[in-house]
Amino acid sequence: MKREPLEQSLSWKPTSPSFILGALGGAFMLFLAVRGFAQPVAAAQGFGLPLLDVGDAVFLHIKAGRDLGIGLMFVGLLALRMRTALGVVTLASSVMPLVDCLVTSTSGRCSIPYALMVHGSAVVYCVVAAVVMLRTPRPVLEPHAALER
(Lines give C-alpha, C1' and ligand atoms only; values in the text may rest on other atoms or scores of the structure.)
Protein backbone atom coordinates (compact mmCIF):
# COMPACT_ATOMS: atom_id res chain seq x y z
CA MET A 1 0.00 0.00 0.00
CA LYS A 2 1.36 3.38 -0.98
CA ARG A 3 1.99 5.70 1.96
CA GLU A 4 0.71 9.24 1.91
CA PRO A 5 3.45 11.84 1.44
CA LEU A 6 4.33 13.56 4.71
CA GLU A 7 3.23 16.94 3.39
CA GLN A 8 -0.15 15.53 2.40
CA SER A 9 -0.80 13.86 5.76
CA LEU A 10 0.30 16.96 7.68
CA SER A 11 -2.00 19.10 5.58
CA TRP A 12 -5.05 17.06 6.69
CA LYS A 13 -6.38 19.60 9.10
CA PRO A 14 -9.11 19.09 11.72
CA THR A 15 -11.22 21.64 9.83
CA SER A 16 -11.24 19.60 6.62
CA PRO A 17 -14.61 17.98 5.74
CA SER A 18 -13.08 14.49 5.60
CA PHE A 19 -11.47 14.93 9.04
CA ILE A 20 -14.76 16.18 10.51
CA LEU A 21 -16.64 13.20 9.03
CA GLY A 22 -14.08 10.83 10.55
CA ALA A 23 -14.21 12.59 13.93
CA LEU A 24 -18.01 12.45 13.99
CA GLY A 25 -17.94 8.76 13.10
CA GLY A 26 -15.38 8.01 15.82
CA ALA A 27 -17.25 10.05 18.42
CA PHE A 28 -20.51 8.28 17.57
CA MET A 29 -18.88 4.86 17.92
CA LEU A 30 -17.48 5.86 21.33
CA PHE A 31 -20.96 7.08 22.35
CA LEU A 32 -22.47 3.73 21.30
CA ALA A 33 -19.80 1.89 23.30
CA VAL A 34 -20.43 3.88 26.49
CA ARG A 35 -24.18 3.48 26.08
CA GLY A 36 -23.84 -0.26 25.48
CA PHE A 37 -21.83 -0.70 28.68
CA ALA A 38 -23.85 1.72 30.83
CA GLN A 39 -27.39 1.18 29.51
CA PRO A 40 -27.52 -2.14 27.64
CA VAL A 41 -31.32 -2.40 27.68
CA ALA A 42 -31.74 1.07 26.13
CA ALA A 43 -28.92 0.34 23.68
CA ALA A 44 -30.65 -2.85 22.53
CA GLN A 45 -33.90 -0.99 21.98
CA GLY A 46 -32.12 1.74 20.00
CA PHE A 47 -30.36 -0.93 17.95
CA GLY A 48 -33.72 -2.35 16.95
CA LEU A 49 -33.63 -5.64 18.85
CA PRO A 50 -35.23 -5.11 22.25
CA LEU A 51 -34.06 -7.67 24.81
CA LEU A 52 -36.52 -10.45 25.59
CA ASP A 53 -34.64 -11.28 28.79
CA VAL A 54 -32.63 -8.75 30.79
CA GLY A 55 -29.98 -11.46 31.25
CA ASP A 56 -29.22 -11.21 27.55
CA ALA A 57 -27.76 -7.73 28.12
CA VAL A 58 -24.33 -9.39 28.20
CA PHE A 59 -24.51 -9.53 24.39
CA LEU A 60 -24.76 -5.75 24.34
CA HIS A 61 -21.46 -5.62 26.20
CA ILE A 62 -19.91 -7.59 23.34
CA LYS A 63 -21.29 -5.09 20.82
CA ALA A 64 -20.08 -2.24 23.05
CA GLY A 65 -16.58 -3.72 22.94
CA ARG A 66 -16.72 -3.81 19.14
CA ASP A 67 -17.92 -0.20 19.05
CA LEU A 68 -15.19 0.86 21.48
CA GLY A 69 -12.50 -0.75 19.33
CA ILE A 70 -13.78 0.91 16.17
CA GLY A 71 -14.08 4.30 17.89
CA LEU A 72 -10.53 4.09 19.23
CA MET A 73 -9.26 3.02 15.80
CA PHE A 74 -10.87 6.13 14.28
CA VAL A 75 -9.33 8.34 16.99
CA GLY A 76 -5.89 6.80 16.43
CA LEU A 77 -5.99 7.21 12.66
CA LEU A 78 -7.21 10.79 13.04
CA ALA A 79 -4.42 11.57 15.54
CA LEU A 80 -1.83 10.13 13.16
CA ARG A 81 -3.41 12.06 10.26
CA MET A 82 -3.78 8.85 8.21
CA ARG A 83 -6.60 9.98 5.90
CA THR A 84 -6.31 7.15 3.37
CA ALA A 85 -6.14 4.45 6.06
CA LEU A 86 -9.19 5.92 7.80
CA GLY A 87 -11.02 5.96 4.46
CA VAL A 88 -10.28 2.27 3.92
CA VAL A 89 -11.30 1.38 7.50
CA THR A 90 -14.49 3.43 7.16
CA LEU A 91 -15.41 1.75 3.87
CA ALA A 92 -14.70 -1.72 5.27
CA SER A 93 -16.68 -0.87 8.40
CA SER A 94 -19.76 -0.13 6.30
CA VAL A 95 -20.32 -3.89 6.16
CA MET A 96 -21.21 -3.93 9.88
CA PRO A 97 -24.26 -1.64 9.72
CA LEU A 98 -25.31 -3.37 6.49
CA VAL A 99 -25.39 -6.72 8.30
CA ASP A 100 -27.07 -5.04 11.28
CA CYS A 101 -29.76 -3.69 8.94
CA LEU A 102 -30.38 -7.10 7.38
CA VAL A 103 -30.51 -8.87 10.75
CA THR A 104 -32.79 -6.36 12.45
CA SER A 105 -35.15 -6.01 9.49
CA THR A 106 -35.63 -9.78 9.20
CA SER A 107 -35.84 -10.49 12.94
CA GLY A 108 -39.54 -9.79 13.25
CA ARG A 109 -38.76 -7.56 16.24
CA CYS A 110 -37.92 -4.41 14.29
CA SER A 111 -39.77 -2.68 11.46
CA ILE A 112 -38.04 -2.40 8.10
CA PRO A 113 -38.37 1.42 8.06
CA TYR A 114 -36.71 1.62 11.49
CA ALA A 115 -33.88 -0.72 10.44
CA LEU A 116 -33.29 1.36 7.31
CA MET A 117 -33.40 4.61 9.27
CA VAL A 118 -30.92 3.47 11.92
CA HIS A 119 -28.61 1.03 10.15
CA GLY A 120 -29.20 1.95 6.49
CA SER A 121 -28.33 5.58 7.21
CA ALA A 122 -25.10 4.39 8.88
CA VAL A 123 -24.18 2.47 5.71
CA VAL A 124 -24.75 5.58 3.60
CA TYR A 125 -22.74 7.72 6.05
CA CYS A 126 -19.81 5.27 6.01
CA VAL A 127 -19.70 5.06 2.22
CA VAL A 128 -19.98 8.83 1.69
CA ALA A 129 -17.37 9.55 4.39
CA ALA A 130 -15.02 6.95 2.90
CA VAL A 131 -15.35 8.40 -0.60
CA VAL A 132 -14.59 11.87 0.75
CA MET A 133 -11.56 10.54 2.64
CA LEU A 134 -10.24 8.46 -0.26
CA ARG A 135 -10.52 11.02 -3.01
CA THR A 136 -7.20 12.51 -3.99
CA PRO A 137 -6.88 16.08 -2.75
CA ARG A 138 -5.88 18.68 -5.31
CA PRO A 139 -2.35 19.95 -4.84
CA VAL A 140 -2.08 23.45 -3.48
CA LEU A 141 -0.08 25.59 -5.89
CA GLU A 142 2.30 28.15 -4.54
CA PRO A 143 1.46 31.65 -5.83
CA HIS A 144 4.72 31.87 -7.80
CA ALA A 145 4.17 28.39 -9.32
CA ALA A 146 0.78 29.46 -10.66
CA LEU A 147 2.36 32.45 -12.37
CA GLU A 148 5.03 30.28 -14.06
CA ARG A 149 2.38 28.23 -15.87
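This is a short walk through the helices of one chain and a few of its residues.

Okay, hi everyone. Before anything else, please keep in mind that the model on the screen is a predicted one. Let's start with the whole chain and then zoom in.

So, what does the chain consist of? It has eight helices and zero strands, and if you read along the sequence you get α-α-α-α-α-α-α-α. There are 149 residues, and 33% of them count as buried. Now look at contacts between residues at least 6 apart in sequence: 71% of those join residues that are at least 24 apart.

Next, helix α3, which covers residues 40-47. Which of its residues are buried? Those are P40, A43, A44 and F47. If you look down the axis of α3, these buried residues fall within an arc of 100 degrees, so they line one face of the helix. And what does that set pack against? The partners of the buried residues are α2 (17-38), α4 (58-79), α6 (95-106) and α7. Right after α3 comes G48, and the phi of G48 is positive, near 110 degrees.

Hold on to F47 for a second, because we meet it again from the other side, through D100. That residue, D100, lies in helix α6. Is D100 buried or exposed? With a relative accessible area of 12%, and the cut-off for buried being under 20%, D100 is buried. Leaving aside residues up to four places away in sequence, D100 touches F47, R66 and H119.

Now let's talk about α5, and how it sits against two other helices.

Take α7 to begin with. Helix α5 is residues 83-93 and helix α7 is residues 112-134; their axes come within 8 Å and cross at roughly 160 degrees. An angle over 145 degrees counts as roughly antiparallel, and that makes α5 roughly antiparallel to α7. The crossing of these two is left-handed. Who actually meets whom? On the α5 side we have R83, T84, L86, G87, V88, T90 and L91, and on the α7 side C126, V127, A129, A130, M133 and L134. Sort the residues of that contact by type and you find nine nonpolar, three polar and one charged.

Then there's α6. Here the axes of α5 and α6 are 5 Å apart, and the packing angle is about 10 degrees. Angles under 35 degrees count as roughly parallel, and α5 and α6 are therefore roughly parallel to each other. In this contact, L91, A92 and S93 from α5 meet V95, M96 and P97 from α6. By type, that contact has five nonpolar residues, one polar and no charged. You may have spotted L91 already: it is among the α5 residues that meet α7, and among those that meet α6.

Two single residues to finish. The first is R81, in the loop between α4 and α5. Its phi is near 60 degrees, which is a positive value in a residue other than glycine. For context, most residues other than glycine have a negative phi. At 25% relative accessibility, R81 counts as partly exposed.

The other is V124, which you'll find in helix α7. Buried or exposed, what would you say for V124? At 51% relative accessibility, V124 counts as exposed. Also, V124 and S94 are 30 residues apart along the chain, and their C-alpha atoms are separated by 8.1 Å.

That's my tour; thanks for listening.

How values were computed
Residues are numbered from 1 along each chain as its sequence is written. This is a predicted model: local features need pLDDT of at least 70, side-chain atom pairs count only at pLDDT 80 or more; totals for chains, interfaces and linings use all residues. Side-chain values use heavy atoms; hydrogens and water are left out. Axes are lines fitted to C-alpha atoms, for helices over the stretch in contact, and angles run from 0 to 180 degrees between N-to-C directions. Helices (H or I, at least four residues) and strands (E, at least two) are DSSP runs, numbered from the N terminus. Angles under 35 degrees count as roughly parallel, over 145 as roughly antiparallel, 65 to 115 as roughly perpendicular and the rest as oblique. A crossing is left-handed if the near helix is turned anticlockwise from the far one by less than a right angle, and right-handed if clockwise. Contact means heavy atoms within 4.5 Å. Ala, Val, Leu, Ile, Met, Phe, Trp, Tyr, Cys and Pro count as nonpolar, Asp, Glu, Lys and Arg as charged, and the others, Gly among them, as polar. Buried means under 20% relative accessible area, exposed over 50%, partly exposed in between (1.4 Å probe, protein chains only). The arc is that of the directions from the helix axis to the C-beta atoms.
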